[in-house]
Amino acid sequence: MVYRAEYIWIDGAEPTQQLRSKTKVLDDDDKPGIWGFDGSSTNQATGENSDCVLKPVATFADPLRGGANILVMCEVLLVSMKPHPTNKRAPLATVARKYAKHDTWFGIEQEYVFLQDGRPLGWPETGFPGPQFPYYCGVGAAEAYGREIVEAHTDACIAAGIKIAGTNAEVMPGQWEFQVGPLGPLDVSDQLWMARWLLHRIAEDFEVSVTLAAKPVPGDWNGSGAHTNFSTKETRTSWTAIEKAAKALGPKHNLHIANYGHGIEQRLTGAHETESYKNYSYGISHRGASVRIPWQVAVDRKGYIEDRRPNANMDPYTVVRLITDTVCSALEK
Ligand code: ADP
Ligand code: MN
Ligand code: MN
Ligand code: MN
């Protein structure tokens with residue numbers, strides 16, 4: 001019997017890289033190996049020199065096709081077998097190796113908005129829904145739009161072997177969240193990209209699309225973020241390390257903001273549970289700060305902190321690399 005491997009990779013789209021995939025039919029005694037694609041169609045090569053290489057890095061059960069079929073997360077290489085410039089996983093692997101002894105864990109909260117007919121799912125054809133308030137964690141046909149897609153996505157993540165930690169309806173109608181983790185740097189990033197692919201793919205069957213745009217609707221509507229929670233061996237046992245980690249992110253604020261996703265200035269305005277992108281702040285329980293120390297962590301005097309700055313459209317390989325580098329280098333001082 002043959003089976004199918006869906007090869008999934010990240011393209012060269014600007015300003016935000018997007019997911020691509022194609023199917024390979026394999027004989028049952030074949031393993032998914034190196035493959036290739038036309039980089040001139042993904043902003044990763046020119047027509048005269050178009051071949052790019054797909055290298056499998058993480059394999060999951062395919063919950064949609066079932067059986068022996070698999071989903072294969074790939075990184076993109078040049079034909080020289082060196083990482084392609086758009087491959088952000090390779091630099092993360094280097095930083096993760098350098099700081100492996102700190103045993104960093106990440107839990108990422110992925111917010112997103114369903115779209116249909118050019119507007120958020122459930123929104124009226126003209127005008128606006130009622131103001132934000134009943135939708136966050138809401139229940140009922142007038143509060144929650146698209147729950148059947150959320151449930152199908154959660155089932156699929158669990159069946160694939162993705163460490164999905166939870167889901168909730170968000171503040172803007174048609175907006176939802178799922179969390180992945182806690183996991184190490186490469187695993188959380190591979191799994192978040194795979195969970196995103198499953199979300200786009202499953203919503204497709206409902207004729208709904210998914211946007212990770214940072215501020216999909218301007219005005220008095222929440223943007224979409226990807227709060228990134230993290231801990232190290234040290235923060236999981238010591239309050240001093242928690243404070244050190246939160247302080248270390250301050251001097252590197254601009255570098256992080258520049259790499260936390262397109263359109264961050266529209267989202268981090270200082271309103272809608274955000275701190276302005278112009279400032280860095282941290283605080284216990286503070287949802288208007290750049291970094292929040294959860295209440296329970298302050299009680300326990302150990303645990304993790306939440307970087308609230310990353311956009312929904314951020315690249316986890318990049319965000320996880322920057323946090324690991326900034327925090328672990330400070331912990332070593
Ligand atoms: P909230 O919406 O209140 O900000 P969530 O429950 O959505 O919080 O997300 C909390 C996240 O924190 C989850 O993704 C979880 O995996 C993560 N997390 C919990 N403990 C740790 C830890 N020790 N290190 C890193 N991440 C953690
Ligand atoms: Mn959350
Ligand atoms: Mn949220
Ligand atoms: Mn959060």
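Helix axes here are lines fitted to C-alpha atoms over the stretch in contact, and angles run from 0 to 180 degrees between N-to-C directions. On that basis, helix H1 (residues 89-98) and helix H8 (residues 316-331) pack at about 25°, with axes 9 Å apart. The model is predicted. Below come the helix packing, an open sheet of 5 strands, the manganese sites and some backbone details.

**Helix packing around H8**

- The angle of about 25° between H1 and H8 falls under 35 degrees, so the two helices count as roughly parallel.
- H1 crosses H8 in the left-handed sense.
- On the H1 side, Arg89, Pro91, Leu92 and Val95 make the contact. H8 contributes Tyr317, Val320, Arg321, Thr324 and Asp325.
- By class, the residues in this contact of H1 with H8 are 5 nonpolar, 1 polar and 3 charged.
- Helix H3 (residues 185-205) also packs on H8, at an angle of about 155° and with the axes 9 Å apart.
- That angle is over 145 degrees, so H3 and H8 are roughly antiparallel.
- The crossing of H3 over H8 is right-handed.
- H3 brings Pro185, Val188, Ser189, Asp190, Leu192, Trp193 and Arg196 to the contact, and H8 brings Pro316, Tyr317 and Val320.
- The contact of H3 with H8 holds 7 nonpolar, 1 polar and 2 charged residues.
- Tyr317 and Val320 of H8 appear in the contact with H1 and also in the contact with H3.

**The open sheet**

- The strand order is S2-S1-S5-S4-S3, and the pairing is mixed.
- Strand S2 (19-26) and strand S3 (35-38) form the edges, each pairing on one side only.
- Neighbouring strands are turned against each other by 40° on average, direction ignored.
- Strand S1 (residues 3-10) and strand S5 (residues 70-77) pair in the parallel sense, over 4 bridges.
- Ala5 stands opposite Ile70 of S5.

**Manganese sites**

- The manganese ion (ligand 4) is coordinated by Glu109 through OE, listed twice, by His227 through ND1 and by Glu306 through OE. These distances run from 2.0 to 2.5 Å.
- The sequence spacing of the donor residues of ligand 4 is E-x117-H-x78-E.
- His227 sits in the loop between strand S10 (209-211) and strand S11 (228-231), and Glu306 in strand S14 (residues 305-307), so this pair ties together parts 79 residues apart in sequence.
- Glu109 bridges the manganese ion (ligand 4) and the manganese ion (ligand 2), which lie 3.9 Å apart.
- The manganese ion (ligand 2) is coordinated by Glu109 (OE) and Glu177 (OE), at 2.2 Å.
- Glu109 belongs to strand S6 (residues 105-116) and Glu177 to strand S9 (residues 175-183), so the pair ties together parts 68 residues apart in sequence.
- Glu177 coordinates both the manganese ion (ligand 2) and the manganese ion (ligand 3), which are 3.8 Å apart.

**Backbone details**

- Most residues other than glycine have a negative phi, and most peptide bonds are trans.
- Glu14 and Pro15 are joined by a cis peptide bond, with omega about 0°. Pro15 lies in the loop between S1 and S2.
- The bond from Gly181 to Pro182 is also cis, with omega near -5°. Pro182 is in strand S9, which also holds Glu177.
- Met81 has a positive phi, near 70°, and is not a glycine. The residue is found in the loop between S5 and H1.

How values were computed: Residues are numbered from 1 along each chain as its sequence is written. Chains are lettered from A and ligands numbered from 1 in the order in which they are written. This is a predicted model: local features need pLDDT of at least 70, side-chain atom pairs count only at pLDDT 80 or more; totals for chains, interfaces and linings use all residues. Side-chain values use heavy atoms; hydrogens and water are left out. Angles under 35 degrees count as roughly parallel, over 145 as roughly antiparallel, 65 to 115 as roughly perpendicular and the rest as oblique. A crossing is left-handed if the near helix is turned anticlockwise from the far one by less than a right angle, and right-handed if clockwise. Contact means heavy atoms within 4.5 Å. Ala, Val, Leu, Ile, Met, Phe, Trp, Tyr, Cys and Pro count as nonpolar, Asp, Glu, Lys and Arg as charged, and the others, Gly among them, as polar. Two strands pair if DSSP finds at least two bridges between them. Donors are N, O and S atoms within 2.8 Å of the metal (3.2 Å for Na, K and Ca); water is not among the atoms, so sites may look incomplete.
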